[in-house]
Amino acid sequence: QYFPEDVFRLNGHEVFADCGAFDGDSIEAFVRRTGRSFDQIVALEPDPINFRKMSDRVARYPDDVRGKIRLEQLGAADFNGTLRFDADGSLSSAANPNGSLQINCLKLDELLRGVAPTFLKMDIEGAEPDALRGAIQTITKAAPVLAISAYHKPNHIWRIPELIKSLRADYQLYLRPHNEECWDTVCYAIPAGRANTAN
């Protein structure tokens, strides 16, 4: 999940923006698949329990790897501010108007100012369209590979591809379920030159 080699291949100079980084599992998969050869990781995780787990995981990396990883206890959104959040240290932590926790949110266009991501992943429990709208400048200018979860709400299966295409018409889109009954379906958007041409 997130790194299907038959769709695109990672290179040794990736700048990976990981939204909904959970406990750092996708960071670990990315580091392993790149053989620790990458330029930068920026990982966002607003749940304090998950953020602590992720920080502990990253702390175990050697200095040369750890020094290229930036961790942010933030949510990605289409505004800069705060919102209510349910945080339980699980994969299901999500925004909720009645949530017990208040978290800070930031547009990716603000957070990644001066950074040109080559790969942007989002698995943020239904907030993906908002986060994409907060990354319009980043996506239109940098054209990163996108791996966007598209299964949290029924209409996301078409809304997310439509939104991505409205930002950059040149993306090549793939929808892939990574579990039964369309669970863990990811929309992959591949810019020109990044598709795996071996297929």
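In which strand is Asp18 found? The predicted model places Asp18 in β1. Asp18 is buried, with a relative accessible area of 0%. Beyond its neighbours up to four places away in sequence, Asp18 touches Ser26, Ile27, Val42, Ala43, Leu44 and Lys121.

The fold as a whole comes next. The chain contains seven helices and 11 strands. It has 199 residues, and 49% of them are buried. Among contacts with a separation of 6 or more, 71% join residues 24 or more positions apart. The accessible surface amounts to about 9,400 Å². Carbon and sulfur atoms contribute 47% of that surface.

In soluble globular proteins, nonpolar side chains tend to be buried together. The largest nonpolar core of the model comprises 29 residues. Leu108, Leu120, Met122, Leu132, Ile139, Leu146 and Ile164 have the most contacts inside this core. Several helices and strands each supply at least two of its residues. The strands are β1 (15–19), β2 (40–44), β8 (119–122), β9 (145–149) and β11 (185–190). The helices are α4 (108–111), α5 (128–133) and α7 (156–167). The largest share, four residues, comes from α7. A second core of 25 residues is separate from it. Ile27, Ala29, Val31 and Ala147 are included in this second core.

Leu132 shows how the residues of the largest core meet. With residues up to four places away in sequence left out, Leu132 touches Met122, Ile139 and Ile148. Leu132 also touches Ile160, Leu163, Ile164 and Leu167.

Helix α1 has its own set of buried residues. These are Ser26, Ile27, Ala29, Phe30 and Val31. An α-helix has 3.6 residues a turn, so residues three or four places apart point the same way. The cover over the buried residues of α1 includes the strands β1, β2, β3 (69–72) and β8. Helices α2 (48–59) and α3 (63–66) are also part of that cover. Two of these buried residues, Ser26 and Ile27, are among those that Asp18 touches.

Gly35 follows α1 and has a positive phi, near 60°. Arg36 is found in the loop between α1 (25–33) and β2. Its relative accessibility is 44%, so Arg36 counts as partly exposed. Outside its neighbours within four places in sequence, Arg36 is in contact with Val31, Pro62, Val65 and Lys68. Val31 is one of the buried residues of α1. Arg36 and Tyr61 are 25 residues apart along the chain, and their C-alpha atoms are separated by 9.9 Å.

Aromatic residues also pair. Nine aromatic pairs are found in the whole structure. Phe3 and Phe16 form an edge-to-face pair. Their rings are 6.1 Å apart, centre to centre, with 70° between the planes. Phe3 lies in the segment before β1 and Phe16 in strand β1, so the pair ties together parts that are 13 residues apart in sequence. Phe3 is buried at 5% relative accessibility. Phe16 is buried too, with a relative accessible area of 1%. Ring pairs link both into a cluster with Tyr2, Phe8, Phe30, Phe38, Phe119 and Tyr188. Phe30, one of the residues in this cluster, is a buried residue of α1.

Backbone geometry adds further detail. Most residues other than glycine have a negative phi, and most peptide bonds are trans. Tyr2 is not a glycine, yet has a positive phi of about 80°. Tyr2 lies in the segment before β1. It is buried, with a relative accessible area of 10%. Ala143 likewise has a positive phi, of about 50°, without being a glycine. Ala143 sits in the loop between α6 (136–142) and β9. At 16% relative accessibility, Ala143 is counted as buried because the cut-off is under 20%.

Not every nonpolar side chain is covered. Ile157, Trp158 and Leu175 form a nonpolar patch on the surface. Together they have about 280 Å² of accessible area. Leu175 lies in strand β10 (residues 172–177). Leu175 is partly exposed, with a relative accessible area of 42%.

Definitions and conventions:
Residues numbered from 1 in each chain as written. Heavy atoms only, no water. Core = buried A, V, L, I, M, F, W, Y, C linked by side-chain atoms within 4.5 Å. Buried < 20%, exposed > 50% of the residue type's maximum accessible area, 1.4 Å probe, protein only. Contact = heavy atoms within 4.5 Å. Patch = residues over 30% accessible without salt bridge, like charges linked within 9 Å, V, L, I, M, F, W, Y side chains within 5 Å. Areas by Shrake-Rupley, 256 points an atom, 1.4 Å probe, with all protein chains shown as cover. Salt bridge = Lys/Arg side-chain N within 4 Å of Asp/Glu carboxyl O. Phe/Tyr/Trp six-rings, centres within 6.5 Å; stacked < 30°, edge-to-face > 60°.
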